[in-house]
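I opened the notebook to work through one chain, from its overall build down to the contact between two of its parts. What follows is kept in the order in which I looked things up.

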Number of protein chains: 2
Amino acid sequence: MEHTEFRVKAKEMVDYIADYLEGVGARRVYPAVQPGYLHALLPRAAPAQPEPWDRIMRDVDDVIMPGLVHWQSPHMHAYFGTPTSYPSIMGDFLSSALNVLCFSWASSPAGTELETIALNWVGKAIGMPDCFLNEKTGSLGGGVIQTTASEATLVSLLAARTRTLAALCKLEPQVEPTTFLGQLVGYCSDQAHSSVEKAGLIGMVHMRYIESDYKQSMRGDKLEEAIISDKAQGMIPFWVCATLGTTGTVAFDELREVGNVCQKYGSWLHVDAAYAGSAFICPEYRHWLDGVELADSFAFAPSKWFMVTFDCTAMWVKDTAGLQRSFNVNPLYLRHENEGKAIDYMHWQIPLSRRFRALKLWFVLRNFGISGIQDHIRTCIQRAQQFESLVLSDNKFEVPQSRVLSLVVFRLKGDNSHSERLLKVINSRGKIHVVPSSFKNKYVIRFCVISPKTTSQDILDAWNEIKLCAQDIIIDKIGADNSNIDRRKIHRGSLPIITELYSLQKFTF
Amino acid sequence: MEHTEFRVKAKEMVDYIADYLEGVGARRVYPAVQPGYLHALLPRAAPAQPEPWDRIMRDVDDVIMPGLVHWQSPHMHAYFGTPTSYPSIMGDFLSSALNVLCFSWASSPAGTELETIALNWVGKAIGMPDCFLNEKTGSLGGGVIQTTASEATLVSLLAARTRTLAALCKLEPQVEPTTFLGQLVGYCSDQAHSSVEKAGLIGMVHMRYIESDYKQSMRGDKLEEAIISDKAQGMIPFWVCATLGTTGTVAFDELREVGNVCQKYGSWLHVDAAYAGSAFICPEYRHWLDGVELADSFAFAPSKWFMVTFDCTAMWVKDTAGLQRSFNVNPLYLRHENEGKAIDYMHWQIPLSRRFRALKLWFVLRNFGISGIQDHIRTCIQRAQQFESLVLSDNKFEVPQSRVLSLVVFRLKGDNSHSERLLKVINSRGKIHVVPSSFKNKYVIRFCVISPKTTSQDILDAWNEIKLCAQDIIIDKIGADNSNIDRRKIHRGSLPIITELYSLQKFTF
């Protein structure tokens, strides 16, 4: 494809993308395909000769699109979603064309500096203290874009490990650092994301999961108890990961309590606010940040709720030299004459190379403005409130933990098996997409509203779809318990009948 | 930005990108900015209110473009470049709009399966043995896209570490895995990329650098000597990283020799072919792959020479279960009913989430065809040959190691300081961009031809620019040695005079 063809075909792609994003709500959000479907549809080897562009795009329509989960759909309520936005798509588009690498300042001065500036902007916008910003030469703190929140968690754990082992080896220089490794122990809530466990596996440190309280929050006293007990057994508490907004139920660890314990015992405190961090752009949610000045590092993912295209996780560190000690290897071919006077982000992360990701973040901040992002966050929360009210209005369902921000967890009353079956039915129909979670041994369905496309009507439709999917399960349950009811007489499409049956039987799941 | 505005502004962006890529050769490839330049030009905080698109794009022109290294320039010869291509830009554009995550099969079936298929296509195209492909259910081997070659190196090291420690702990179940960690030792050539050292730091294992031979290749005998010596001291050799195409001089480790040693001592063998791997699409370069069937993992970066937009590193593993043992944590919210029947790439990598990167790779393979990529590789190599001939024709320069593939390393004869100064002058003028390397204590300038935009005329221009930049250095050197020559009489712009001076003085650097 040469310049002239690109000018034509890429403009067609612009319309293809706009058509897609305008109409994505009409597609099945969750595809009806089975593992291996695509292997049966594509050749087993790359073509020897070039294929024309239109044939490739025909295959996109015919074989790719039917196998996608449409994450941009207004009916996508699974995981934490990744709503993108036009300014972000534009930023990524331009970044793909420039295709500059930003591993050192010299490899892309604008890329490096825009990243520092954009992270200062975001940091200020969500209320991060000055100690995390990098506004002056010689600032100790600073922000960096990592691929994912999981990578940020690992980076912080590795930096903490380096710091602790360096201190221990200073006291006992004749001892190998690995000798101490088996004594290192990290902590997180029993509600923390699986990536914390993964970071522990990679870092080869012990991880202790602190029992969360009735609000699923990690508390300072439980953490301190665990630390005291571990220290008594010769262990070395070196790292704590506090979560602001857990994946399961959007629980918040008590940051100030946890921070004070970390200060007392000299542990690195990392804060994982992957999803909830975006909400801090609204001052009314910033109370959850109380105590953040006690943290050593903090991360949230603008690729979740800030409408920035994946991948983009904003991470701030109070002492960036700590990162650099963990990752700094500096061969001649990467050296430049401005070393020391500028940031070389390759020393702040695991891989060497990195895209110009600051561009999309900067485009979003400017084209939405802070007020635009705030509006988006608040609208999502209103939609989630609306959904929660609908669930609460139906006595066959329960919301075992109140909605927090834009996540509602709900379930059919009674056995977990009913909700498990409900989830399968919902996803197999593909009109909305949800995933499960569990807490306190209850299987719950997570319903997250994160897309600017989700309207109030979409919420009503989603709720009707869920009720419809629940019907068969409810009928079966009643049928099993009431053999005198002729199941064939129950009209499955009619909700009022079900409701009536319920009130008749006084049956509670 | 809403749909209608996007349709207009994104089409303007298409022309902006095409204009940029058509005209990038006319820009300074290396910018004339100093650290901090951008901080002085941008506000200190994000705007409260939305800013119109055109104002943002004006700033792209005014403040971003002047601070970029133009990696797409035909005059970019630094590092290994990242030439992108229109089909790849299109793939990334569409991927940004879909913005699906491909961490599990269920999170994006098409994304996951296209990745497997594209990696089978690439694997076959470069001559990877069947044991690395994933064409049938139950295949042990398979390919995955990692962000970077450095990440692939780390992933393989971690998988090898898990495998070795699991075996040791099976023999001595009462011992903590970290107890053995201090005994683990990995190996690579003294020419290996800095990311191997970084992987060792993160994995907390010892790394041994094997002295390379006169061709900068790691040889089996030297490796075996080191292993025997380490084993004698109670160390456990667990991982070897062989490089096919080093960063410094594109040296190739003797893969079959190294592979045989790895087999003998039970070490995981990883092959890092980050740059050179692309060349294996041409059968005439595939002899360097001899012995690859002895490897456990292999990676190369289509984001370097395959014209695929960064980030995209193709990695194949013979026993993918080994990866999964290292990274598998599987909470309820990520589970799906097709687990075990499909690939969940989140267990093959460090972060959890991942973009739909297979799309751009698939677009490139189809729109270029294998023949199109072969043509591109061969053209770059011809251009590098042309450059090497020009350097060799000038007796003030030397090529201390013959060109390999599309990299030429050259220097001014004599002290390293002359070439160091030459490099500074070249980059400060910004017409072409190069970076240094060193081997055997010689400072060399690397000149890599990797862009489909670099024409034969560009090579001539680059060489003239280098000779021009060398003039002052040559004059100063002669001046220092010959005080009877009146430097003011030397016309600095005229190469013939310099050549004459040289022949007059019989001076050799």
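I began with the secondary structure of this predicted model, and for chain A I noted 15 helices and eleven strands. I then turned to the overall dimensions: the radius of gyration of chain A is 25 Å, close to the 23 Å that the globule rule gives for 509 residues, so chain A is as compact as a globular protein of that length. Along the principal axes, I found that the C-alpha atoms of chain A fill a box of roughly 80 × 70 × 45 Å.

Next I looked up how chain A is divided, and I recorded domain 1 as residues 3-68, domain 2 as 102-366 and domain 3 as 377-503. I chose to follow domain 2 of chain A and domain 3 of chain A, whose C-alpha centres lie 37 Å apart; to their contact, domain 2 of chain A gives 24 residues and domain 3 of chain A gives 18 residues. Between them these two domains bury about 1600 Å², and 65% of that area is on carbon and sulfur atoms.

How many salt bridges are there between domain 2 of chain A and domain 3 of chain A? I noted one, and I also looked up the pair A:Arg378 and A:Glu284, which form a salt bridge with their closest N and O atoms 2.7 Å apart. For polar contacts between domain 2 of chain A and domain 3 of chain A, counting pairs with both residues at pLDDT 80 or more, I wrote down four residue pairs. On the side of domain 2 of chain A that touches domain 3 of chain A, I sorted the residues into 13 nonpolar, seven polar and four charged.

Note on methods: Residues numbered from 1 in each chain as written. Chains lettered and ligands numbered in written order. Predicted model: local features only at pLDDT ≥ 70, side-chain atom pairs only at ≥ 80, totals over all residues. Heavy atoms only, no water. Domains from an automatic or database assignment. Contact = heavy atoms within 4.5 Å. Buried area = accessible area lost by both parts, 1.4 Å probe. Salt bridge = Lys/Arg side-chain N within 4 Å of Asp/Glu carboxyl O. Polar contact = N/O pair within 3.5 Å; in protein donor to acceptor, adjacent residues only side chain to side chain. Nonpolar A, V, L, I, M, F, W, Y, C, P; charged D, E, K, R; others polar. Helix = DSSP H or I, 4+ residues; strand = E, 2+ residues; numbered from the N terminus. Rg over C-alpha atoms; globule rule 2.2 N^0.38 Å.
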